[in-house]
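Colleague: I am new to reading structures, and I would like to go through this one slowly with you. Could we take the strands before we turn to the charged side chains?

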Amino acid sequence: MLKFFLLCTLAVASRAEISEEEDVLVLKKANFDEALKAHPDILVEFYAPWCGHCKALAPEYAKAAGILKAEGSGIRLGKVDATEETELAQAYGVRGYPTIKFFKGGDKDAPKEYSAGRQADDIVTWLKKRTGPAVTTLAGITEAESLIADNEVAVIGFFKDADSAGLKVYEKAAEAIDDIPFAVTSDDAVFSKFEVSKDSIVLFKKFDEGRNIFDGEPTKENLLSFVKANQLPLVIEFTEQTAPKIFGGDIKSHILMFLPKAASDFQDKMNNFKKAAEGFKGQILFIFIDSDVDDNQRILEFFGLKKEECPAVRLITLEEEMTKYKPENDAITAEAITEFCTLFIEGKLKPHLMSQDIPDDWDKNPVKVLVGKNFEEVAFDPTKNVFIEFYAPWCGHCKQLAPIWDKLGEKFKDSADIVVAKMDSTANEIETVKVHSFPTLKFFPAGDERKVIDYNGERTLEGFTKFLESGGKDGGTPAGEEDDDELDGDDLADVDEGLDEESDGEDGDDDGHDEL
């Protein structure tokens, strides 16, 4: 009996080890399996205490946990300090923070990546869609009104016939969207309340026109396009919370207005920006960035802007390569912005490439300083072998590399045909060279072929020396052949923490980012 009592006591003590902080389970390797048994459906955030994005997510994550707990839901939220629980983080392929994974049905082997926004409502909606039916049935007016009141965006299908082809297509579309609740009703009272006289699909939202009625051919693709074109405001403000919606969507052409909210003419400019947006729905996403917010300064820097230069407008495409465009007309009027966007849609705009002025002493030190205006003549000098570091001033790995790069310059300063150089790629852009991460090291061998070789060897003085003395063969690959991480919309969203910097960890040793 005593042995049985001791075993029970140990079991209770073990269960008690799953503590909670603001309704979020605190998970460790020691209690992870137990947590999955006790809570088969659990969303887990792998975080780092120093990560800015994790800190910003924390209150929304806790709020979502509280909402689900208050509702009596079986879904729970947990968190793992990946800097402490390194073995657990490694087991689930955590390479950046926060990494959020959903474990469904107690299955710990194949968790799903969380793919929605970082606001509490987004998290709750995504989880409910993952664990419940894609479409919920509304019994009456009260349920319909609650759905609309409780969500920023909600879609209701009004169908009299439960077996209609239109409803089946609607359900298929609902299954493809995780972050918006879909419902259906056949109730006459609900039809009447929302002034719907025939089978219809209506998107309700708490902004702009308030509701949109689908009027196209009822196919899954058309319905998805309809929802995606109307689920965001005509103009959306860039924030920590809205970034996943902005950069995770299908619209890859974004026009950004940089403007301080405190400006006396803020509302006037916003009204003009919004008016222009009406003509490009589904083609170009219109984004507002408060240029006074400290967290947005890196984004301004990415576009070559300073606070005092705002208001300003820029356009960027987030396709295979990021391409930026600058309007010739600085006026923020509906007419000027409409003209700018029309020229872009018609393919009549030339990319805007940033360049600093050539420093007077650019070639005085062993490491030459390149900018956009002198890059071509130095990098592609047929008589020189040029080794260039493309860096960002805020990049931790670039700072670590700097003394080694300086030593390399010193070593080859008297060489007749080797040039060691560097270029700040946050302020200078080259059409012929795309920089996807920092630091990027490229070698431009002598000759008329305009070859470019990517350096992938050790970042040591010995490694660089061997590479240069081998003519770019030892440690290099032809540009474009290595498996680089592409700089995409997610990376632009993360610009405020480091533009695809190879590490943002405090120790600089990991190969992850401060965010995903």
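Colleague: How many bridges join strand E13 to E15, and do the two run parallel or antiparallel?

Modeller: Please keep in mind that this is a predicted model. Strand E13 covers residues 253-258, and one place where you can see the pairing is Met257, which stands opposite Val313 in E15. The two strands run antiparallel, and the number of bridges that join them is 6.

Colleague: Which strands are the edge strands of the open sheet?

Modeller: The sheet is formed by 5 strands with mixed pairing, and their order is E12-E14-E13-E15-E16. An edge strand pairs on one side only, and this holds for the strand at residues 235-237 and for the one at 322-325, which are E12 and E16.

Colleague: Which helix lies across E12, E13 and strand E14?

Modeller: Strand E14 comprises residues 285-289, and the helix runs at about 165 degrees to this strand. The helix itself is made up of residues 266-277, and its name is H11.

Colleague: Is Arg314 buried or exposed, and how far away is the nearest side chain of opposite charge?

Modeller: Arg314 lies in strand E15, residues 312-318, and its contacts beyond four places in sequence include Ile255, Leu256, Phe258 and Tyr325. Arg314 is buried. A salt bridge needs a nitrogen and a carboxyl oxygen within 4 Å, and Arg314 has none, for the nearest side chain of opposite charge is that of Asp330, at 5.6 Å.

Colleague: Why does the salt bridge between Asp33 and Lys108 tie together parts that are apart in sequence, and by how many residues are they apart?

Modeller: Side chains of opposite charge can pair when their charged atoms come close. In this case the side chains of Asp33 and Lys108 meet at 3.3 Å, N to O. Asp33 lies in helix H2 and Lys108 in the loop between strand E5 and strand E6, so the parts tied together are apart in sequence by 75 residues.

Colleague: Where do Lys281 and Glu209 lie, and how many residues apart in sequence are the parts that this pair ties together?

Modeller: Lys281 forms a salt bridge with Glu209, and their closest N and O atoms are 3.1 Å apart. Lys281 lies in the loop between H11 and E14, whereas Glu209 lies in the loop between strand E10 and strand E11, so the pair ties together parts whose separation in sequence is 72 residues.

Terms used
Residues numbered from 1 in each chain as written. Predicted model: local features only at pLDDT ≥ 70, side-chain atom pairs only at ≥ 80, totals over all residues. Heavy atoms only, no water. Helix = DSSP H or I, 4+ residues; strand = E, 2+ residues; numbered from the N terminus. Buried < 20%, exposed > 50% of the residue type's maximum accessible area, 1.4 Å probe, protein only. Lys, Arg positive; Asp, Glu negative; His and termini not counted. Contact = heavy atoms within 4.5 Å. Pairing = 2+ DSSP bridges. Axes fitted to C-alpha atoms, helices over the stretch in contact; angles between N-to-C directions.
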